[in-house]
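Please keep the structure open while reading these notes, and locate each place in turn before going on to the next point.

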Amino acid sequence: MSAVVENPHTQRWHQSLHQVRGRIEIIPPWRTSGRVMRATGMIIETVGLQVPLGGGCLIELPSPFGEDEPRFAEAEVVGFSDEKLFLMPLAGITGLQPGARVFALGEGTRGSARRFPLGETLLGRVVDGNGEPLDGLDALDDAPHGHLTVPPLNPLLRAPINEQIDVGIRAINALLSVGRGQRMGLFAGSGVGKSVLLGMMARYTRADVIVVGLIGERGREVQDFIDNILGEQGRRRAVVVAAPADTSPLQRLQGAAYATRLAEWFRDQGLAVLLIMDSLTRYAMAQREIALAVGEPPATKGYPPSVFAKLPHLVERAGNATRGGGSITAFYTVLTEGDDQQDPIADSARAILDGHIVLSRALADAGHYPAIDIEASISRAMTAIVDEPQQRQAQRFKQLFSRYQRNRDLISVGAYSPGHDPGLDEAVQRYPQLEGFLQQGIEEAASVSDARQALAAAVGQ
């Protein structure tokens, strides 16, 4: 007796039925819900649920068109007191009513345990802080998903920073050399060219993958950075995570953590990753908004203590993996309010980073780009990654440059006369070459070898 052979349509129908049955079986027979008791500012107080700190919830909202099906807004637990949970929504909650139901996000439900798309599928894409596409392309449902946090690396197992990375900027390659796995801060006020400098590094840096986190920036700047600064060449090997200023503070925090998590995923594949975070200050401000909303007292210039605790947690996730593994070389922009380098966030960032590049408003106003203040900038890993001749040349460059700057006023008013100070005479003679060395066009790339040759010519060695 011959066996019955199903036709292809029946087989596909049975496979689909099996998949649906599998999804239904993991759904619990009941769901626990809580109730909204109070909504004040950005905080929603609920009772009736037990969700851990950092867990996700769904808040039921009425349909805007009077339909039977309600809509849901996602929120995160940011604090609790006794039986009350303090939730902060990730998006707008227009229409929220007293007593609205709140559901815990668990395994098998939408957004389960707050998992985010990862992997090579995201290369060339622009996503928001939730991992949702912003570029109008296909959804990322097929990409591997993972949690935002992973166990930290043992600092004793990390590979040392002993190899220079080419960032394509002459002044940085020669005078502020950056090592693979180093974390640098880019300190600047508004409007001094930090975004352009970041875009140049994104295009010219010798890295396998670029992850860009645009946190708390204006929406117009996001589009401008992607199209005009990052460019088509940089975007092909980049992932852009955008959490603009009009998103909730929770989503801005999440965007920074998500960008870092993406960089960690590529690093774990053995790749050299360039992580650009713009900006670390907006990340700190988002945490300040959340902390003040849940009642944490302000400490230093209005910043609660949790702000200064979260900064190193984010920054320390970058760096080298174990020996023979990948690396994350990170640049974090730090906005200095009123060009004040002693701003509490700038001061804290300077302490936890491996060096800082300071952009000068005076140089930018004079049309000197990139407006890097060489005297105020330093790379803490430079002595471990460059040879002694380059160290001597860089030191000689800074001595000549600083000598001229200290006497600039005397030179400008004609009070300087050559022949009395040989060191100043040489500084005055070489200053045009020194100044030209520090300037670079946006379309000009300078490799490490080119930068070293130019440095030797500028200092006459």
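1. A good place to begin is Pro370, which is found in the loop between helix 9 (361-365) and strand 17 (378-379). The model is a predicted one, and in it the peptide bond running from Tyr369 to Pro370 is cis, with an omega near -10 degrees.

2. A second cis peptide bond deserves a careful look, namely the one that joins Asp278 and Ser279, where omega is about 15 degrees. Ser279 sits in the loop between strand 13 (272-278) and helix 6, and this serine counts as buried because its relative accessible area is 0%, under the cut-off of 20%. If residues up to four places away in sequence are set aside, Ser279 touches Ile215, Glu217, Thr333 and Leu335.

3. Another point of backbone geometry concerns Asp82, which has a positive phi of about 55 degrees although it is not a glycine. Asp82 belongs to the loop between strand 4 and strand 5 (84-89). Is Asp82 buried or exposed? With a relative accessibility of 78%, which is over the cut-off of 50%, Asp82 counts as exposed.

4. For the chain as a whole, the model contains 14 helices and 17 strands. The C-alpha atoms fill a box of roughly 105 × 65 × 45 Å when the box is taken along the principal axes, and 50% of the 461 residues count as buried. Among contacts between residues at least 6 apart in sequence, 72% join residues that are at least 24 apart, a figure to keep in mind when reading the contact lists in these notes.

5. Helix 4 (residues 219-235) should be examined along its axis. A straight helix of 17 residues would span 24 Å at 1.5 Å a residue, whereas the end C-alpha atoms of helix 4 are separated by a span of only 18 Å. Where is the kink in helix 4 centred? The kink is centred on Ile229, and it amounts to about 60 degrees. Ile229 is also one of the buried residues of this helix, together with Val222, Phe225, Ile226, Leu230, Gly231 and Gly234. The elements that cover these buried residues include strand 8 (126-127), helix 3 (194-204), strand 11 (209-215) and strand 12 (238-243).

6. Helix 3, which is among the elements covering helix 4, is itself mostly covered, since ten of its eleven residues are buried. The buried residues include the charged pair Lys194 and Arg203, as well as Leu197, Leu198, Met200, Met201 and Tyr204. Their cover includes helix 2 (170-175), strand 10 (183-188), strand 11, helix 4, strand 13 and strand 15 (327-335).

7. The largest pocket has a volume of about 1200 Å³. It is lined by 41 residues, of which Leu148, Thr149, Ala257, Lys310 and Arg317 are the closest to its centre. At least two lining residues are supplied by each of strand 4 (71-81), helix 5 (249-268), helix 6 (280-293) and helix 7 (305-315). Which helix gives the largest share of the lining? That share comes from helix 5, with seven residues. By residue type, the lining divides into 22 nonpolar, nine polar and ten charged residues.

8. Thr300 lies in the loop between helix 6 and helix 7, two helices that each supply at least two residues to the lining of the largest pocket. Thr300 counts as partly exposed because its relative accessibility is 40%, which falls between the cut-offs of 20% and 50%. Leaving out residues up to four places away in sequence, Thr300 touches Phe308 and Pro344. The C-alpha atoms of Thr300 and Tyr416, which are 116 residues apart along the chain, are separated by 46 Å.

9. The last residue to check is Leu61, which is placed in strand 3 (residues 56-61). Why does Leu61 count as buried? Leu61 counts as buried because its relative accessible area is 1%, under the cut-off of 20%. Apart from residues up to four places away in sequence, Leu61 touches Pro70, Arg71, Ala73, Gly92, Ile93, Thr94, Gly95 and Leu96. By contrast, the C-alpha atoms of Leu61 and Arg158, 97 residues apart along the chain, are separated by 47 Å.

Notes: Residues numbered from 1 in each chain as written. Predicted model: local features only at pLDDT ≥ 70, side-chain atom pairs only at ≥ 80, totals over all residues. Heavy atoms only, no water. 1 Å grid on protein atoms, 1.4 Å probe; cavity = no way out; pocket = protein on both sides within 12 Å on 5 of 7 lines; lining within 4 Å. Points joined across faces, edges and corners; volume = space filled by probe spheres on them. Helix = DSSP H or I, 4+ residues; strand = E, 2+ residues; numbered from the N terminus. Expected span 1.5 Å × (residues − 1). Bend = angle between axes of the 7 residues up to and from the residue. Buried < 20%, exposed > 50% of the residue type's maximum accessible area, 1.4 Å probe, protein only. Contact = heavy atoms within 4.5 Å.
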